[in-house]
Amino acid sequence: MRIVDIIMKKRDGHALERDEIVAFVQGVTGGTLPDYQASALLMAILLRGMTPEETAWLTDAMVHSGIEVDLSDLPGIKVDKHSTGGVGDKTSLILAPIAAACGVPVPMMSGRGLGHTGGTLDKLESIPGFRTALSLDEMRAALARTGCAMLGQTAKIAPADKKLYALRDVTGTVESIPLISASIMSKKIAEGIDALVLDVKTGSGAFMKTEADSRRLAEMLVSIGRQSGVRTEAVITDMDMPLGAAVGNALEVIECLDVLKGGGTPDLVECSLELTVRMLLLGKVATDRDDAERKVRAAIKSGAALDRFRQIIECQGGDPRVVDDYGRLPAAPSRHLVTADRRGYVARLDAELVGRASVALGAGRDRVEDSVDPAVGIVITAKPGTAIDAGDPILELHYREQAKLDAALALAARAVAIGEEPPVRRAIIVGEVR
Ligand code: URA
């Protein structure tokens, strides 16, 4: 089988056979396929697409490029949540302790922030001492002890994805529904879960800008999950504006702790509750939606979820005292307010631009190998819909260096629009695919 024939076949718009896809993935994993040929095929896939069958074969080949974790000896239905990525998207740190406190084991393998989007690992690592580089044995031990393990993808899980993602990142081939689906689902299937809730973001701050594309991605992800024996549901949620009030690692941890203490902005609380309720239902610890919602609210009200987060932090080497003393988290030395130049309503707060402003402050990375500053970021003091007077604060930028603040301000100024009337906003929960 010549790889050039496979490339030309996809270039000309034909569906590939399973053994052709397997040869491609094996060549990538084994290092025998040159990057230029892998990149050419990725571009052909981006332009020509893949059938659901081809996408399922690609996912399966990527799962088998590494090990498949077997968690069947641990009791309970193991449920994870995965988001396609957004700005201020911090629900993992809220729902994992709640679900674990309600009896659902949560093995959660997450990623780092890339581009304008944030990543769960960066947020967790802003807690002093918190280790996300757990071995698979440590993951099991954490699951047995606290019912939850929050870690990064190990080198043994879907190694083909690691190589392909790095190539896609530099060849303009990220925004392809089959490639995104195979990338996400190969890692999720390999981590040994029984069920998965997907949060597919839609809007300016998401990979998928339109509802139609987000739905197509959600349908593909759910279909692959089903075919692989992982019960999978997707919720499509808004990402035109940042979720919640904080963007930036330690700032987001504080906001998650506030939600676990019963606070939080309505959009963040609604999104977190919706995803957690589905985790409880898939984990079969609730009889129906009402029962699940009651249990989730009770876990917050009683302090059980907060207490579980303390245990998770301690189990993974972090300082659990941050839960009660935010002063133990990294904080930026300086703050700058972006204020309203006239009276009206906050009409728009563009998620992508706020995310890019936060990256400019140092909270995110442009390249996988960049480091992040856990302390810097942005606090939104007036969400879209808020009535404001001239001079009222809209954004509070937490910064360390003047040059970075200047770069962030240029983006932040473009992110905000003020209107005469309150904006018509779509719901946070846009749709579902089951
Ligand atoms: N997240 C992933 O893990 N892979 C993609 O391709 C996109 C988002």
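## Close-up views of the ligand site and a pocket

**View 1. Polar contacts of the ligand.** An oxygen atom of the ligand lies 2.5 Å from an N or O atom in the side chain of Lys 187. The model is predicted. At Arg 168, a side-chain N or O atom is 2.9 Å from an oxygen atom of the ligand. Ser 183 pairs with a nitrogen atom instead: a side-chain N or O atom of Ser 183 is 2.6 Å from this ligand atom. On its own, the ligand has 240 Å² of accessible area, and the protein covers 89% of it.

**View 2. The shell around the ligand.** Tyr 165, Arg 168, Ile 180, Ser 183, Ile 184, Lys 187 and Phe 207 surround the ligand. Two elements, α8 (159-171) and α9 (177-190), each give two or more residues to this shell. The largest share comes from α9, with four residues. By class, the shell holds four nonpolar residues, one polar and two charged.

**View 3. The second largest pocket.** This pocket holds about 190 Å³ of space. It is lined by 15 residues; Asp 60, Ile 189, Ile 224, Gln 227 and Ser 228 are the closest to its centre.

**View 4. Make-up of the pocket lining.** Helices α4 (52-63) and α10 (211-227) each supply at least two residues to the lining of the second largest pocket. Six residues come from α4, the largest share. Seven of the lining residues are nonpolar, four are polar and four are charged.

Methods. Residues are numbered from 1 along each chain as its sequence is written. This is a predicted model: local features need pLDDT of at least 70, side-chain atom pairs count only at pLDDT 80 or more; totals for chains, interfaces and linings use all residues. Side-chain values use heavy atoms; hydrogens and water are left out. On a 1 Å grid over the protein atoms alone, a cavity is a set of points where a 1.4 Å probe fits but cannot get out, and a pocket is an open set with protein on both sides within 12 Å along at least five of seven lines; lining residues have an atom within 4 Å of a point. Grid points are joined across faces, edges and corners, and a volume is the space filled by probe spheres set on the points. Ala, Val, Leu, Ile, Met, Phe, Trp, Tyr, Cys and Pro count as nonpolar, Asp, Glu, Lys and Arg as charged, and the others, Gly among them, as polar. A residue is near a molecule or strand if one of its heavy atoms lies within 4 Å of it. A polar contact is a pair of N or O atoms within 3.5 Å; within protein, one must be able to donate a hydrogen and the other to accept it, and residues adjacent in sequence count only if both atoms are side-chain atoms. Accessible areas come from the Shrake-Rupley method with a 1.4 Å probe; for residues, only the protein chains shown count as cover.
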